[in-house]
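Me: Please take a close look at one part of this protein, the packing of its helices, and set it in the context of the rest of the model.

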Amino acid sequence: MFAASRIQARAFSASARQLSKVTVLGAAGGIGQPLSLLLKMNPRVTELSLYDIRQGPGVAADVSHVNTKSTVKGYQPDDTGAGLGEALKGSEVVLIPAGVPRKPGMTRDDLFNTNASIVRDLAKACAEHCPEANLLIISNPVNSTVPICREVFKARGVYNPKRLFGVTTLDVVRASRFVSEIKGTDPTEEKITVVGGHSGVTIVPLFSQSKHPDLSSNAELVKRVQFGGDEVVKAKDGAGSATLSMAMAGARMADSVLRAIGGEKGVVEPTFVESPLYKDQGIDFFSSKVELGPSGVEKILPVGELDANETQLLEACVGDLKKNIEKGVAFLASNP
Ligand code: NAI
């Protein structure tokens with residue numbers, strides 16, 4: 001009996017490893033297109049499902065010619081509304097970069113009015129068609145769109161906190177690159193922990209825990225990590241925000257989730273998840289280092305020791321973060 005169930009378990013995990021359907025919602029956008037390309041290059045992805053309200057099939061046809069093993073299918077809304085459901089069915093991982101990006105002078109919170117309802121509607125479709133998928137939310141403001149997804153899933157009785165992630169990978173990617181520019185080091189060797197949320201002062205880099213604790217007092221660097229996205233928004237001058245670096249960060253996060261699903265141990269990524277770390281301060285979601293496993297979140301790692309500068313940054317973070325989370329929850333309560 002025991003042996004039989006073990007064989008069954010092994011067969012199941014083997015098939016889970018072999019069949020990894022990954023879906024991108026918003027696949028024809030600035031992030032969606034390079035993200036789809038990077039996912040096509042990932043041998044862990046066996047089926048790539050690309051949905052957008054415009055040009056999903058177009059992007060899919062293009063990406064499908066890349067000579068890697070995975071199959072690619074494109075979807076857009078059809079008259080029956082079936083396109084989205086078909087795109088989602090059987091997904092192991094769903095990435096959501098659908099929505100509008102910032103223009104110069106805008107904060108991520110300024111996107112709320114448009115993106116909240118887009119993410120809500122896509123989350124409803126996920127709850128219906130792939131309730132057990134790992135949901136990776138890229139659409140901003142992440143601090144609010146992730147709580148919106150939780151409320152949608154909860155209302156349908158399918159919420160699993162281990163499967164819902166806000167993608168904050170770009171903040172650590174930026175931090176390691178910016179540090180390497182100052183120190184003249186290899187950015188891939190710079191492991192910088194960034195905690196909190198994903199906008200402005202809610203982004204808290206912890207340089208005291210890195211190889212360069214002296215950088216914690218470098219206010220200019222701290223600000224650059226917190227507001228690095230603004231550099232791109234300004235340079236693109238009205239044409240959007242980070243897309244290529246974000247695609248790289250999203251593809252890395254998806255790869256980490258897939259590696260953990262495949263049984264790899266010790267896969268750790270920073271990500272914005274439902275977290276016990278600051279619940280006593282009324283903060284349900286927090287980004288910190290998270291160990292991933294076959295069921296999604298395996299273990300939420302503690303924030304660790306902070307120095308005096310970082311303690312101050314964290315105080316500023318929690319105030320804003322609380323408001324952002326509450327805004328998402330309140331939106332769904334009045335716009336179910
Ligand atoms: P974009 O405007 O180039 O692309 C968005 C795509 O979403 C478009 O192709 C659009 O047709 C599609 N879309 C809109 N409504 C949809 C719906 N209901 N269903 C499916 N697709 C839909 O925008 P971009 O530059 O790709 O940015 C997307 C989002 O990602 C923005 O909210 C942006 O703020 C966010 N972002 C997040 C980052 C992060 O670190 N988490 C970093 C950079 C951007």
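Reply: The helix contacts come after a short account of the whole chain, and the ligand and two backbone details follow them.

This is a predicted model, in which local features need pLDDT of at least 70 and side-chain atom pairs count only at pLDDT 80 or more, while totals for chains, interfaces and linings use all residues. Residues are numbered from 1 along each chain as its sequence is written.

The protein has 10 helices and 11 strands; helices (H or I, at least four residues) and strands (E, at least two) are DSSP runs, numbered from the N terminus. Its radius of gyration is 19 Å, close to the 20 Å that the globule rule gives for 336 residues, so the protein is as compact as a globular protein of that length. That radius is taken over C-alpha atoms, and the globule rule is 2.2 Å times the number of residues to the power 0.38. The C-alpha trace spans about 55 × 50 × 45 Å along its principal axes.

Helix H9 (residues 244-261) packs against helix H2 (residues 32-40) at an angle of about 40°, with the axes 8 Å apart. Axes here are lines fitted to C-alpha atoms, for helices over the stretch in contact, and angles run from 0 to 180 degrees between N-to-C directions. The angle makes H2 oblique to H9, since angles under 35 degrees count as roughly parallel, over 145 as roughly antiparallel, 65 to 115 as roughly perpendicular and the rest as oblique. The crossing of H2 and H9 is right-handed; a crossing is left-handed if the near helix is turned anticlockwise from the far one by less than a right angle, and right-handed if clockwise. H2 contributes Pro 34, Leu 35, Leu 38 and Leu 39 to the contact, and H9 contributes Leu 244, Ala 247, Met 248, Gly 250, Ala 251 and Ala 254. Two residues are in contact if their C-beta atoms, placed from the backbone, lie within 7 Å. By class, this contact of H2 with H9 has nine nonpolar residues, one polar and no charged. Ala, Val, Leu, Ile, Met, Phe, Trp, Tyr, Cys and Pro count as nonpolar, Asp, Glu, Lys and Arg as charged, and the others, Gly among them, as polar.

H9 also meets H7: their axes come within 8 Å and cross at roughly 115°. That makes H7 roughly perpendicular to H9, and the crossing is right-handed. From H7 the contact takes Thr 169, Leu 170 and Val 173, and from H9 Ser 245, Met 246, Met 248, Ala 249, Gly 250, Arg 252 and Met 253. These residues divide into six nonpolar, three polar and one charged.

Helix H7 (residues 169-183) packs on helix H8 (residues 219-236) at about 145°, with axes 9 Å apart. H7 passes H8 in a right-handed crossing. Asp 171, Arg 174, Ala 175, Phe 178 and Ile 182 of H7 touch Leu 221, Arg 224, Val 225 and Gly 228 of H8, giving five nonpolar, one polar and three charged residues.

Around the ligand there are 33 residues, the closest being Gly 26, Gly 29, Gly 30, Ile 31 and Asn 140; a residue is near a molecule if its C-beta atom, placed from the backbone, lies within 6 Å of it. Helix H5 (residues 112-129) gives the most to this shell, with three residues.

Asn 140 is joined to Pro 141 by a cis peptide bond, with omega about -5°. Pro 141 lies in the loop between strand E5 (134-137) and helix H6 (142-155). Gln 55, not a glycine, has a positive phi of about 70°.
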